[in-house]
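Subject: Structure handover

Hello,

Here is the structure for you to open. My notes on it follow below.

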Amino acid sequence: MRKLGLLERLIIAYAVFVVVLLGLNIFLLYVSSRLSNVTSEVYLVDYRKNEVTDKLLENLISLEQTTKQYMLLQKDVYKALIDKQIQDVQGAWNYLNSEGVVYDDQEREMLVNAKDIWETFLVQLYSQLSDIPGDSQALDEIFKYNSTQIEKLVRIARYSDNMANEALDKKVVYLKGLGDQLESFTWWAFGIALCIGLIVPLIIYRSIIRDLGSIKKGIKHIADGDFSYEIPITARDELGQLADSFNRMAARLQELDDMKSEFISIVSHELKTPLTSMKEAANILQEGLWGELAEKQKRMISIMDQGIERLLKIIAELLEMSRLEIGMVQLDKAQYDLNHIIASSISEIRPYAANRQIKIQAKLLKDPCMVTVDMNKISQVLTNLIQNAIKYSDAGSLIDVRLGRDGQQVAVEIEDHGKGIPKEDMPLIFEKFYQSKVTRGHSGIGLGLAIAKKIVEAHGGKIYAKSRLDKGSIFVFSLPVML
C-alpha cells in the first residue's frame with residue numbers, strides 16, 4: 001500500500017479540521033434557528049397571550065363591579081368606564097380567537113363559545129343600561145345574571161391563561177435543554193478538535209522526524225566515509241524521493257571512492273618498485289662502490305635519498321590504508337601485556353624525542369594488563385601518535401603517556417603540550433588526507449591518524465581526541481581487556 005505523501009497528509013489534516021469546524025457551525029446554526037423560533041413564539045405568542053388573558057380577567061371582574069356601581073349611582077363617569085372596559089374585553093376576545101394564538105381545538109372551541117356568551121351578554125348589558133329598574137329586587141336579579149355570565153367568561157379566560165402559562169413553562173424548559181445540549185456539544189466538539197489538533201500534527205511530525213532521522217543517519221555515514229550505507233525507503237513522498245536521491249548519490253560516491261582507492265593502490269604499487277631501485281642506487285653511490293664522490297655529490301645524493309625515503313613512507317601509508325579499507329589486512333592476534341607494548345614503543349622512539357629535546361613520561365599499570373591484539377599494529381598506532389605529539393611540541397616540553405583501566409576496557413592517553421588543534425578541525429582529523437591548518441607544512445599527507453583509527457577499530461576499540469588551542473592535545477584509544 002502506497003504511503004501518503006507529505007502534501008497529502010497535510011491536506012487530510014486540514015480537511016479534518018474543516019469538517020469539524022463545518023459540523024460545529026451547522027449545529028450552531030440549527031440551534032440558533034431553534035432558539036430564535038422558540039424565543040419569537042415565547043415573546044410574540046405565549047407572553048403576549050398571558051398578558052392579554054391577565055388583562056382580560058382584570059377587565060371582566062372590573063366590568064361586573066363598574067356595572068353595579070353605574071346601575072346603583074347612575075353617574076356618567078361609570079358609563080364611560082364601562083364603554084372602555086367593553087372595548088378592551090372585545091379586543092381581547094378578538095386577539096384570543098385570531099390565527100396562531102389558539103393552542104388546540106379544545107381551546108378554540110371554548111373561545112368561540114366565550115365569544116358567543118360575550119356577545120349575548122353585551123346585548124343584555126346594553127338593554128339593562130338603557131332601562132335600569134328602580135326595584136331593588138329586579139336589580140338583584142340583573143346582578144345575579146351578570147355575575148353568572150361573567151363567571152363563565154372568567155373560567156374560559158383563566159383556561160387560556162393557564163394554557164399560556166403552561167406553554168411558557170414548557171418552552172423555558174425546552175430552551176434550557178437546548179442550552180445544555182449546545183453546551184455539551186460545544187465541549188465535545190472542542191475536545192474532538194483539540195485531540196485532532198494535537199494528535200494529527202503529532203502523527204505527521206513523528207512521520208517526518210522518522211524519515212528525516214533516516215536521512216540524517218545516512219548523512220552521518222557519508223560524513224564518516226561510509227558510502228555503502230543505504231537509507232531504507234518506506235514511502236514515495238517528498239522525503240522518500242529525497243532519500244532515493246541520497247542513495248543514488250551515495251552509490252555514485254562509493255563508485256568514485258572505489259575508483260580512487262584502486263587508483264591509489266595501483267599507482268602506489270607502480271611507484272614502489274622504481275623508488276626502491278632508486279634508493280638502492282643511492283645507497284651504492286653513497287657507499288662509494290662505483291668510485292669516490294666529491295663532498296657536494298655526497299650531499300646531493302643524501303638529499304635525494306631522504307626524498308626517496310619520504311616517498312617510500314608515503315607509498316607505504318597509502319598501501320596500508322588501501323588494505324585496511326578493503327579488509328585485506330589480517331591481524332596476527334595474540335595475548336600481550338599492554339604495559340610491555342607501550343614501554344617498548346617508547347624505548348624505540350625516545351632517541352627521536354631526545355634529539356628534539358622532548359621528554360617522554362610514562363605512567364603504566366602495576367599489574368599486567370593482558371589484551372588480545374596484533375602487537376605490531378598496536379605498536380604502529382602508539383608510534384604514530386607519539387611521533388605526532390613530538391612533531392607538534394616545542395623543544396623542552398613534556399609528553400605524557402598514560403595507561404588506565406575501566407571495567408573491561410583499557411585506555412591509552414598520549415598528551416602533549418604543543419599548539420593544539422582548532423575546534424573546527426576536530427571532527428575531521430581522523431579523515432583520510434585531512435590536515436589541519438596548524439599541521440600543514442609538516443611532513444606527511446594526512447594518513448597517519450586515519451590508519452591508526454582503522455587499526456584500533458579492527459581490534460574492537462575506539463579512538464578520539466581532545467584539544468585546546470595553544471594548550472596541547474590528548475589522543476585516547478581504548479581496547480577491550482582479555483577476559
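**Starting from the surface**

Phe-190 is found in helix H4, which covers residues 136-223. This is a predicted model, so please read everything below in that light. At 48% relative accessibility, Phe-190 counts as partly exposed, because the partly exposed class ends at 50%. Phe-190 also belongs to a nonpolar surface patch. Its other members are Trp-187, Leu-194, Leu-198, Ile-199 and Ile-203. The patch comes to about 660 Å².

**The chain as a whole**

The protein chain has 483 residues, and 36% of them count as buried. Nine helices and seven strands make up its list of secondary structure elements. The accessible surface is about 29,000 Å². Carbon and sulfur atoms hold 58% of that surface. What share of the contacts with a separation of 6 or more comes from residues 24 or more positions apart? The value is 73%.

**Helix H1**

Helix H1 runs over residues 6-73, and Asn-50 sits in it. Asn-50 has a relative accessible area of 13%, so this residue is buried, the limit being under 20%. Leave aside residues up to four places away in sequence, and Asn-50 touches Asp-161, Ala-164, Asn-165 and Leu-168.

Next to Asn-50 in the numbering is Lys-49, which forms a salt bridge with Glu-107. Their closest N and O atoms are 2.4 Å apart. Lys-49 lies in H1 and Glu-107 lies in helix H3 (residues 105-130), so the pair ties together parts 58 residues apart in sequence. Are these two partners buried or exposed? Lys-49 and Glu-107 are both buried.

Further along H1, Glu-64 forms a salt bridge with Lys-68. Here the closest N and O atoms are 3.9 Å apart. For reference, the cut-off for a salt bridge is 4 Å. Both residues lie in H1, four residues apart, which is about one turn of the helix. Glu-64 is buried, at 14% relative accessible area. Lys-68 is partly exposed, at 25%.

**A cavity at H1 and H4**

The structure holds two cavities of 30 Å³ or more. I looked at the second largest, with a volume of about 30 Å³. Which residues line the second largest cavity? They are Glu-64, Thr-67, Lys-68, Phe-121, Phe-143 and Asn-146. Glu-64 and Lys-68, the salt-bridge pair from H1, are thus among the lining residues. H1 gives the most to this lining, with three residues. H1 and H4 each supply at least two.

**Other salt bridges**

The count of salt bridges comes to ten. One of them joins Asp-105 and Arg-108, with the closest N and O atoms 3.1 Å apart. Both residues are in helix H3, three residues apart, so about one helical turn separates them. Asp-105 counts as exposed, at 59% relative accessibility. Arg-108 counts as partly exposed, at 34%.

There is also a network of salt bridges. Asp-400, Arg-402, Glu-413 and Glu-415 are linked in it.

**Two loop residues with positive phi**

Most residues other than glycine have a negative phi. Two loop residues are worth a look here.

Gln-357 has a phi near 60°, a positive value in a residue other than glycine. Where is Gln-357 placed? The residue is in the loop between helix H7 (338-355) and strand S2 (359-363). Gln-357 is exposed, with a relative accessible area of 58%.

Asp-470 has a positive phi too, near 65°. Asp-470 is found in the loop between strand S6 (462-468) and strand S7 (472-480). With a relative accessible area of 63%, Asp-470 is exposed.

**Where to click**

For a quick tour, begin with Phe-190 and its nonpolar surface patch. Then go to the salt bridge between Lys-49 and Glu-107. Next, view the residues that line the second largest cavity, including Phe-121 and Phe-143. Finish at Asp-470, in the loop between S6 and S7.

Best wishes

Conventions: Residues are numbered from 1 along each chain as its sequence is written. This is a predicted model: local features need pLDDT of at least 70, side-chain atom pairs count only at pLDDT 80 or more; totals for chains, interfaces and linings use all residues. Side-chain values use heavy atoms; hydrogens and water are left out. Buried means under 20% relative accessible area, exposed over 50%, partly exposed in between (1.4 Å probe, protein chains only). Contact means heavy atoms within 4.5 Å. Patches are made of residues with over 30% relative accessible area and no salt bridge: like charges are joined within 9 Å, nonpolar side chains (Val, Leu, Ile, Met, Phe, Trp, Tyr) within 5 Å. Accessible areas come from the Shrake-Rupley method with a 1.4 Å probe; for residues, only the protein chains shown count as cover. A salt bridge is a side-chain nitrogen of Lys or Arg within 4 Å of a carboxyl oxygen of Asp or Glu. On a 1 Å grid over the protein atoms alone, a cavity is a set of points where a 1.4 Å probe fits but cannot get out, and a pocket is an open set with protein on both sides within 12 Å along at least five of seven lines; lining residues have an atom within 4 Å of a point. Grid points are joined across faces, edges and corners, and a volume is the space filled by probe spheres set on the points.
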